[in-house]
Amino acid sequence: VGSTRRLALAFRFSTDLDKRQLIEAFRGKPLKWERESRNYVPQAVDSGPIFEEVHEGRDVNLLKFPTPLWHEKDGGRYVGTGCAVITQDPDSDWINLGAYRTMILDEQHVSIVIGHGKQGRMHYEKWWAREGRCPVAISLGHDPLLFALAGLEIPLGIGEYNYAGAVIGAPVDVVAAPMTG
């Protein structure tokens with residue numbers, strides 16, 4: 001979403017807008033979308049493209065992803081620079097998407113950097129205090145709107161799927177991840 005045209009496309013505005021027109025198109029929308037988000041509960045579906053290619057156990061090889069070393073002083077290759085790390089609050093149905101850097105450690109492991117004060121970190125800390133683990137799903141190659149929203153600070157308790165539904169005017173289809181729900 002690094003250009004006016006791409007940002008407009010992600011948020012379903014006309015791609016013919018210049019920067020000033022795009023700013024005008026956004027005027028008042030974030031508060032409107034926030035208010036309307038409760039009306040757009042994600043819609044659970046049984047299947048989707050995510051299940052077209054599944055690797056489990058020893059078949060997982062993260063090194064197959066075309067992941068460059070982004071910056072010369074990075075500690076490794078970050079497969080999750082444009083990702084959405086999905087967590088759920090253990091006390092509610094609030095699901096958060098965060099654009100947290102995810103570095104490949106080896107064929108089957110990644111590390112996720114979730115800074116203090118981030119909503120995903122709040123979920124993470126609650127889960128670890130209760131169970132010593134935190135279920136997460138990491139989405140790559142999704143709708144650019146989800147990446148844009150994952151990088152914003154949507155108000156506490158409002159899920160990015162709900163907010164995306166308000167932006168597009170329809171509930172977002174989601175599937176339950178087999179390992180994390």
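Good morning. I shall open with a single residue: Lys126 is partly exposed, with a relative accessible area of 31%. Before going further, I should state that the model under discussion is a predicted one.

Lys126 belongs to helix H4, which covers residues 119-131. What does Lys126 form with Asp89? The two residues form a salt bridge, and their closest N and O atoms are 2.7 Å apart. Asp89 sits in the loop between strand S2 (84-88) and strand S3 (95-98), so this contact ties together parts of the chain that are 37 residues apart in sequence. Is Asp89 buried or exposed? Asp89 is buried, at a relative accessible area of 5%, whereas Lys126, as I said, is partly exposed. The pair is also part of something wider: through salt bridges with shared partners, Asp89, Asp91, Lys126 and Arg130 are joined into one network.

As general background, side chains of opposite charge can pair when their charged atoms come close. How many salt bridges does the count give for this model? The count comes to ten. I shall describe two others.

One of them is formed by the side chains of Asp143 and Arg12, with an N to O distance of 2.6 Å. This pair links distant parts of the chain, 131 residues apart. Asp143 lies in the loop between strand S6 (137-139) and helix H5 (144-150), and Arg12 lies in the loop between helix H1 (4-10) and helix H2 (19-26). Both partners are classed as partly exposed: Asp143 has a relative accessible area of 30%, and Arg12 has one of 41%.

The other joins the side chains of Glu24 and Arg27, again with an N to O distance of 2.6 Å. Glu24 is partly exposed, at 44% relative accessible area. Arg27, at 55%, falls in the exposed class.

I turn now to the cysteines. How many disulfides does the structure hold? The number is zero. For Cys83, the closest cysteine sulfur is that of Cys134, and the two sulfurs are 14 Å apart, which is too far for a bond. The cut-off applied here is 2.5 Å between sulfur atoms, so at 14 Å the sulfurs of Cys83 and Cys134 do not qualify. Seen from the other side, Cys134 is in no disulfide, and its nearest cysteine sulfur is that of Cys83. Cys83 is buried, with a relative accessible area of 0%. Cys134 is likewise classed as buried, with a value of 16%.

Next, the strands. In general, the strands of a sheet pair through backbone hydrogen bonds, either parallel or antiparallel. In what order do the three strands of the open sheet lie? The order is S3-S2-S6, with antiparallel pairing. S3 and S6 are the edge strands, each pairing on one side only. Neighbouring strands in this sheet are turned against each other by 25° on average, with direction ignored. Between S2 and S6, which run antiparallel, there are three bridges. In this region Ile86 stands opposite Ala137, a residue of S6.

Strands S4 and S5 form a further pairing. S4 covers residues 102-106, and its antiparallel pairing with S5 extends over four bridges. How many residues does the hairpin use to join S4 to S5? The connection is made through two residues. Which residue of S5 stands opposite Thr102? That residue is Ile112. Ile112 lies in strand S5, which covers residues 109-112, and is partly exposed at a relative accessible area of 28%. Ile112 is 13 residues from Ala99 in sequence, while the C-alpha to C-alpha distance between them is 10.0 Å.

My last topic is the surface. Which residues make the nonpolar surface patch of about 280 Å²? The patch is made by Ile50, Phe51 and Val54. Phe51 is located in the loop between strand S1 (43-44) and S2. With 31% relative accessibility, Phe51 counts as partly exposed.

To close, I return to the network with which I began. Asp89, a buried residue, and Lys126, a partly exposed one, belong with Asp91 and Arg130 to one network of salt bridges. Thank you for your attention.

How values were computed:
Residues numbered from 1 in each chain as written. Predicted model: local features only at pLDDT ≥ 70, side-chain atom pairs only at ≥ 80, totals over all residues. Heavy atoms only, no water. Salt bridge = Lys/Arg side-chain N within 4 Å of Asp/Glu carboxyl O. Buried < 20%, exposed > 50% of the residue type's maximum accessible area, 1.4 Å probe, protein only. Patch = residues over 30% accessible without salt bridge, like charges linked within 9 Å, V, L, I, M, F, W, Y side chains within 5 Å. Areas by Shrake-Rupley, 256 points an atom, 1.4 Å probe, with all protein chains shown as cover. Pairing = 2+ DSSP bridges. Axes fitted to C-alpha atoms, helices over the stretch in contact; angles between N-to-C directions.
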